[in-house]
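Thank you all for making time this morning. I would like to walk you through one model, with the sequence and the structure on the screen as we go.

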Amino acid sequence: MEKPPTKKAAAKKAAAKKTAKRAAAKKTVAEKTAAERPPAEKTAAKKSAGKPAVAWSESRTALVRRARRINRELAELYPYAHPELDFENPFQLLVATVLSAQTTDLRVNQTTPALFAAYPTPEEMAAADPEKLEQLIRPTGFFRAKAKSLIGLSAALRDRFGGEVPGRLEDLVTLPGVGRKTANVVLGNAFGVPGVTVDTHFGRLVRRWKWTVAEDPEKVEADVCSLFPKSDWTMLSHRVIFHGRRVCHSRKPACGACPIAPLCPSFGEGETDPEKARKLLKYELGGQPGQRLKPPPDYPGRPAPPLGAA
């Protein structure tokens, strides 16, 4: 006849059963979390499975040296880096930059020839019929809000600045539709005033490179400016944005074709195979047309086609 379990044995058995139940519940939660995880996050988790995490730590001096070396490498890769908006004067650059929100520079460049032919000056754009203006800029998206900004900033230029685009940041940001990013684009490229342009490409890359952890554009700008002399700011912006559009893409960076891979803390987030990575390159690096209809003479790629071209 089997003896009844002792209190000690019963307690041990109950504890084991409780532990097994807890482990099963934990597994269920983990499986549910994995099932609900977005596809990109699943891929990243799969790639990192079984690999030790690599912490990136460096002194302030080492960070400055690495950042400046990346800038030198980018200068060699893109000696022809430039603003990718077509413009002939500060007013055209200001308008084109406002239009570039939530669209590509290519689409803006394809749209502005007809726009500037119809309204070549702030005075004429300020007096534009809103519906006609909206139709001209429709290809850039958000055309009603953009038309309102263009008429408003043109009226402000006419009434407060004598029809001229001001050359000071504090004046530019008072214009409708003009923020700090747009102001820095205009100052750096129309007036030669150094500035860092924090667009989506710039912010993505400098966070990947661990130059900053900030998300707020003004904080990103301050962090990056502190790493470089003021004279570097404008060209640095062009090079970083060029690299973000051609190599270091948002979803699938071409890591295996990136010349600054040894300096990048985020190497491996994208395609590391050199042959496959080369197929991800865009614009002149990928043998494709650029974004400007009228690129600078030293640009090695092909001009972009006009709107409606095959």
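Let me start with a cysteine: is Cys 258 buried or exposed? This is a predicted model, so everything I say today should be heard with that in mind. In it, Cys 258 has a relative accessibility of 17%, and because the cut-off for buried is under 20%, Cys 258 counts as buried.

On the matter of pairing, the structure holds 0 disulfides. Cys 258 is accordingly in no disulfide, and the nearest cysteine sulfur, which belongs to Cys 248, lies 6.5 Å away. Cys 264 is also unpaired, because its sulfur is 6.2 Å from the closest cysteine sulfur, again in Cys 248, and that is too far for a bond. With a relative accessibility of 16%, Cys 264 counts as buried.

Two of these cysteines come up again around a histidine, His 243, which sits in helix H13, residues 233-246. His 243 is buried, and its relative accessible area is 0%. Leaving aside residues up to four places away in sequence, His 243 touches Leu 74, Leu 77, Tyr 78, Leu 205, Trp 209, Cys 248, Cys 258, Pro 259 and Ile 260.

H13 also brings us to helix H10, residues 180-190, where Thr 182, Ala 183, Asn 184, Val 185, Val 186, Leu 187 and Gly 188 are buried. What do the buried residues of H10 pack against? They pack against helix H4 (90-99), helix H9 (169-172), helix H12 (217-225) and H13. After H10 comes Gly 192, which has a positive phi, near 70°.

A positive phi in a glycine is one thing, but two other residues deserve a closer look on the screen. Most residues other than glycine have a negative phi. Phe 142, although it is not a glycine, has a positive phi of about 50°, and its place is the loop between helix H7 (130-137) and helix H8 (143-160). Tyr 283, likewise not a glycine, has a positive phi of about 55°, and it is found in the segment after helix H14 (274-278). As for their surroundings, Phe 142 counts as exposed at 58% relative accessibility, whereas Tyr 283 is buried, with a relative accessible area of 18%.

Finally, let me turn to H7 itself and to its packing with helix H5, residues 105-118. The two helices pack at an angle of about 155°, and their axes are 9 Å apart. Why do we call H5 roughly antiparallel to H7? We do so because the angle between them, about 155°, falls in the range over 145 degrees that counts as roughly antiparallel. By class, the contact of H5 with H7 has 6 nonpolar, 1 polar and no charged residues. From H5, Thr 111, Ala 114, Leu 115 and Ala 118 take part, and they meet Leu 133, Leu 136 and Ile 137 in H7.

Within H7, the buried residues are Leu 133, Glu 134 and Ile 137. These cover an arc of only 105° around the axis, which puts them on the same side of H7. In general terms, an α-helix has 3.6 residues a turn, so residues three or four places apart point the same way. What covers the buried residues of H7 includes H4, H5 and H8.

That is where I will stop, and I am happy to take questions.

How values were computed:
Residues numbered from 1 in each chain as written. Predicted model: local features only at pLDDT ≥ 70, side-chain atom pairs only at ≥ 80, totals over all residues. Heavy atoms only, no water. Disulfide = S-S within 2.5 Å. Buried < 20%, exposed > 50% of the residue type's maximum accessible area, 1.4 Å probe, protein only. Helix = DSSP H or I, 4+ residues; strand = E, 2+ residues; numbered from the N terminus. Contact = heavy atoms within 4.5 Å. Axes fitted to C-alpha atoms, helices over the stretch in contact; angles between N-to-C directions. Nonpolar A, V, L, I, M, F, W, Y, C, P; charged D, E, K, R; others polar. Arc of directions from axis to C-beta.
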